[in-house]
Amino acid sequence: MSRWDRVGQCAAYGAALALAPYLLIKVSWVVGSLLGLLPVGAGFGKAEWVVLNSATIAMAGVGIAVALALVRPWGMRIPGAPFVFCAWVGTGFLVPVLPYAVLGSLLGSADDRRETGTDPGPSMPGWEAALVQFGFVGMGLGLALALPAYLRRRWPDAFVGRLGQGGRDAFGVPPWVVVVGATVGLVWLYWAVGGTVGVARPGERDLAWNTLSGLLGLWALVASVATWAVLRGRPAGIPRWGPMALGWLGSGSLFAWSGWKLPFTLYLAVAQPADAALPENLALAAVLHLAAVGAGAAMLRALVRARPAPRSA
């Protein structure tokens with residue numbers, strides 16, 4: 001076993017362990033709310049609260065399974081397509097926003113949980129909030145280290161070669177993908193630096209919201225540029241693994257975060273709870289999230305179908 005594989009093994013087990021407390025906390029929230037022992041989150045009825053947290057329980061369970069699959073022998077035998085999808089969503093959720101997770105821990109803000117829709121619930125005690133943040137950061141760092149080692153073992157040719165060395169880099173390039181991704185990213189960056197067009201409640205903005213919007217907007221632009229570079233083979237000569245990795249993370253961020261926030265946005269638009277609101281215009285936010293989901297999925301498809309130049313005999 002190589003040194004990189006040993007690092008990946010430790011990181012994968014660490015990621016699964018780090019996320020386990022989050023899973024247990026969410027189970028306690030669901031059970032507690034059903035038994036009337038814990039309050040439901042602001043803006044939610046009991047049914048919506050149980051559904052929301054049941055979804056995060058399932059997501060955490062899948063995340064732990066993905067982490068273990070990166071190092072266990074059975075992980076090399078599971079079908080590639082569903083595993084790649086789950087790993088892509090998981091890294092898209094966690095790795096690009098690691099700076100935000102650290103900042104959220106330092107700020108201790110409840111508003112960031114409202115914005116992300118991850119824990120828009122009853123006020124957590126400090127130890128519980130620390131475990132939640134530790135789970136996110138630990139899982140993100142673990143996937144960032146363990147996933148490349150797994151991919152190198154299972155698909156060693158995926159990142160070989162350099163841009164512009166032939167192959168099928170330019171196969172099936174959909175220009176709308178990078179245009180839509182870049183447009184969404186620019187809107188989010190515009191909001192992050194204080195833009196008010198499309199913001200219905202400027203007073204609801206805070207540092208956490210601006211930070212998350214800026215990070216997601218930046219990664220949307222990174223995804224667009226990296227995908228275009230891989231598919232067009234330019235700038236020629238740089239190693240393919242760099243833009244492939246950036247395209248993977250950026251497209252996963254587009255799909256995962258908007259795929260999570262779209263139902264939450266639609267719920268607020270329909271239910272219009274008095275004690276929960278987002279800064280942005282809900283109709284515009286829903287359109288942007290829908291566009292981001294489509295662009296992210298199309299970018300992954302394009303990256304997977306791109307082919308490096310065949311190795312010489």
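In which helix does S224 lie? In this predicted model, S224 belongs to helix α8, which covers residues 207-232. The residue is buried, because its relative accessible area is 5% and the cut-off for burial is under 20%. The side chain of S224 makes a polar contact with the backbone oxygen of V178, at 3.3 Å. V178 also appears among the contacts of S224 beyond four places in sequence. The others are G181, A182 and M299.

M299 falls within helix α10, which runs over residues 282-305. This helix has 24 residues. From first C-alpha to last, α10 reaches 35 Å. The expected value at 1.5 Å a residue is 34 Å, and the two are close. The N-terminal end of α10 is capped by N281. A side-chain oxygen of N281 lies 3.0 Å from the backbone nitrogen of A283.

Helix α3 was examined in the same terms. It comprises 15 residues, from 80 to 94. Its end C-alpha atoms are 21 Å apart. This agrees with expectation, because 15 residues at 1.5 Å a residue should span 21 Å; the span is counted with one less than the number of residues. Many positions in α3 were assessed for burial. The buried residues are G80, F83, V84, A87, W88, V89, T91, G92, F93 and L94. C86, by number, also falls in the stretch 80-94. Its relative accessibility is 30%, so C86 counts as partly exposed.

Aromatic rings were considered next. The structure holds nine aromatic pairs. One of them joins Y150 and W155. The ring centres of Y150 and W155 are 6.4 Å apart, and their planes meet at 75 degrees. The pair is edge-to-face, because its angle is 75 degrees and the class begins over 60 degrees. The two partners differ in exposure. Y150 counts as buried because its relative accessibility is 0%. W155, at 31%, counts as partly exposed. Ring pairs also bring in F83, so that F83, Y150 and W155 form a cluster. F83 is one of the buried residues of α3.

Cysteines complete the survey. How many disulfides does a search of the whole structure find? The search returns zero. Two cysteines illustrate the exposure of this residue type. C10 has a relative accessible area of 58% and is therefore exposed. C86, at 30%, is partly exposed.

Terms used: Residues are numbered from 1 along each chain as its sequence is written. This is a predicted model: local features need pLDDT of at least 70, side-chain atom pairs count only at pLDDT 80 or more; totals for chains, interfaces and linings use all residues. Side-chain values use heavy atoms; hydrogens and water are left out. Helices (H or I, at least four residues) and strands (E, at least two) are DSSP runs, numbered from the N terminus. Buried means under 20% relative accessible area, exposed over 50%, partly exposed in between (1.4 Å probe, protein chains only). A polar contact is a pair of N or O atoms within 3.5 Å; within protein, one must be able to donate a hydrogen and the other to accept it, and residues adjacent in sequence count only if both atoms are side-chain atoms. Contact means heavy atoms within 4.5 Å. Rings of Phe, Tyr and Trp (its six-membered ring) pair if their centres lie within 6.5 Å; planes under 30 degrees apart count as stacked, over 60 as edge-to-face and the rest as tilted. A disulfide is a pair of cysteine sulfur atoms within 2.5 Å.
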